[in-house]
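I opened this entry to keep track of what I looked up, going from the whole chain down to single strands and then to the enclosed space.

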Amino acid sequence: MGAIDMNFSFEVPHSEGLIVRGAQPFNAEPPASALVEFRYTPEELIYCRNHSPVIELDESAYIIKVDGLVKKTLELKLEDLKESFNQAEIVAALQCAGNRRKEMAEIKPVKGITWDNGVIANCRWSGVRLRDVLLRAGVDETMQDGHVWFASHVSVCQDDPYYGGSIPLRKALDPEGDVLLALDMNAQPLSPDHGYPLRVIVPGYTGARWVKWIDRITVARDESPSFYQQRDYKVLPPDCTTPAQAAPLWDKVPSIEDITCELDHRKCRIHSRQADRGVQVSVQLNEGEGERQWTDANITYQEGKWSWTLWECVLDVHEGIADAERIGGTRELVILCRACDESGQGQREACAWNMRGVAFNSYGKAIWHW
């Protein structure tokens with residue numbers, strides 16, 4: 001199975017507000033400067049990450065199966081989810097593991113779509129708690145090391161007959177983990193691009209686990225056998241540079257679970273967003289040699305445990321820069337930003353290279369020319 005087997009004859013229209021990084025499958029991101037204008041990302045600015053065609057599915061015929069290590073196999077229609085379970089709502093940031101891959105590719109070529117820094121979104125999601133569905137199926141709550149597989153069989157994918165991923169059972173059953181089977185996004189039904197009629201929401205985890213068009217949930221002892229769990233979305237060692245070198249390593253390297261934070265900035269009154277909670281942000285003007293002086297940023301938005309954080313920082317620009325502009329000269333000004341969480345863990349200045357270009361998390365950097 002592979003790209004030759006994918007059928008794009010029924011591809012749905014996509015947002016025209018995105019920068020297309022791949023046409024078939026459709027992969028696109030918004031300019032980051034547009035993202036920071038909104039607390040909740042509008043539909044037309046939410047990035048699209050796909051390994052297969054995007055088609056319109058028939059809600060009335062849609063069934064999700066729950067099986068595996070449960071007492072009772074379930075086959076649920078969407079109306080069952082809407083009418084037989086309590087509804088829940090959370091605000092959570094969704095981020096692709098390859099966000100900022102373009103920057104990692106500047107270190108050395110990587111394998112994957114050359115994403116810039118717009119592969120992130122913040123939305124209000126509503127649906128039913130995965131915990132409630134699993135308990136309805138009779139999952140063993142005392143099972144310590146299990147996993148929950150998510151699968152979508154609506155289309156053949158680039159590297160597998162279906163798209164799949166998994167998360168630890170402890171995350172799925174955690175009352176504070178907030179894992180949802182989402183029906184709505186920003187108070188509107190999901191669109192085909194973003195998983196209509198049903199997708200998984202796994203707050204704090206990489207977007208690769210937020211499986212769209214999900215039609216099967218399986219409780220198992222081990223991780224999903226899907227290509228996208230076992231042979232992708234892993235941080236390989238820096239000395240692994242070819243697929244041949246990667247082959248014996250895939251089974252030894254753990255899958256990405258939680259995703260690293262991400263920052264960006266676009267204005268002289270600098271605005272940005274970052275996908276973490278309890279965040280503190282500082283910004284620096286890098287005007288040459290000498291000790292770095294960091295300025296604390298002001299948090300302008302943060303909602304609950306899982307949203308992104310919007311911030312801004314007003315900086316005093318050295319007079320010499322303004323003088324250079326007045327006399328017609330030019331000067332390059334580098335601005336760096338970094339974040340740390342409540343425990344004091346923060347971004348580092350540099351990030352180790354990996355072949356897939358995932359989990360890039362060095363300081364954010366922007367360059368202004370005066």
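I began with burial and found that 54% of the 370 residues of the chain count as buried, where buried means under 20% relative accessible area, exposed means over 50%, and partly exposed lies in between, with a 1.4 Å probe and protein chains only. I noted that this is a predicted model, in which local features need pLDDT of at least 70 and side-chain atom pairs count only at pLDDT 80 or more, while totals for chains, interfaces and linings use all residues. Residues are numbered from 1 along each chain as its sequence is written, and side-chain values use heavy atoms, with hydrogens and water left out.

I then looked up the exposed surface, which comes to about 17000 Å² for the chain, with 47% of it supplied by carbon and sulfur atoms; accessible areas come from the Shrake-Rupley method with a 1.4 Å probe. For contacts (heavy atoms within 4.5 Å), I recorded that 70% of those in the chain with a separation of 6 or more are between residues 24 or more positions apart.

Next I turned to the secondary structure and noted 8 helices and 19 strands in the chain, taken as DSSP runs numbered from the N terminus (helices H or I, at least four residues; strands E, at least two). Strands pair if DSSP finds at least two bridges between them. Strand β1 (residues 19–22) and strand β2 (residues 27–29) run antiparallel and are joined by 3 bridges, with N27 as the bridge partner of G22, and a hairpin of 4 residues leads from β1 to β2.

I spent longer on strand β7 (residues 147–152), where 5 of the 6 residues are buried. β7 pairs in the antiparallel sense with strand β8 (residues 163–168) over 6 bridges, and V148 has I167 as its bridge partner there. β7 also pairs in the antiparallel sense with strand β12 (residues 216–220) over 5 bridges, where A220 is the bridge partner of H147.

Last, I searched the whole structure for cavities and found 3 of 30 Å³ or more, a cavity being a set of points on a 1 Å grid over the protein atoms alone where a 1.4 Å probe fits but cannot get out. The largest cavity holds about 300 Å³ of space; of the 25 residues that line it, R49, Y163, G207, W210 and K212 are the closest to its centre, lining residues being those with an atom within 4 Å of a point. I sorted this lining into 13 nonpolar, 8 polar and 4 charged residues.

Notes: On a 1 Å grid over the protein atoms alone, a cavity is a set of points where a 1.4 Å probe fits but cannot get out, and a pocket is an open set with protein on both sides within 12 Å along at least five of seven lines; lining residues have an atom within 4 Å of a point. Grid points are joined across faces, edges and corners, and a volume is the space filled by probe spheres set on the points. Ala, Val, Leu, Ile, Met, Phe, Trp, Tyr, Cys and Pro count as nonpolar, Asp, Glu, Lys and Arg as charged, and the others, Gly among them, as polar.
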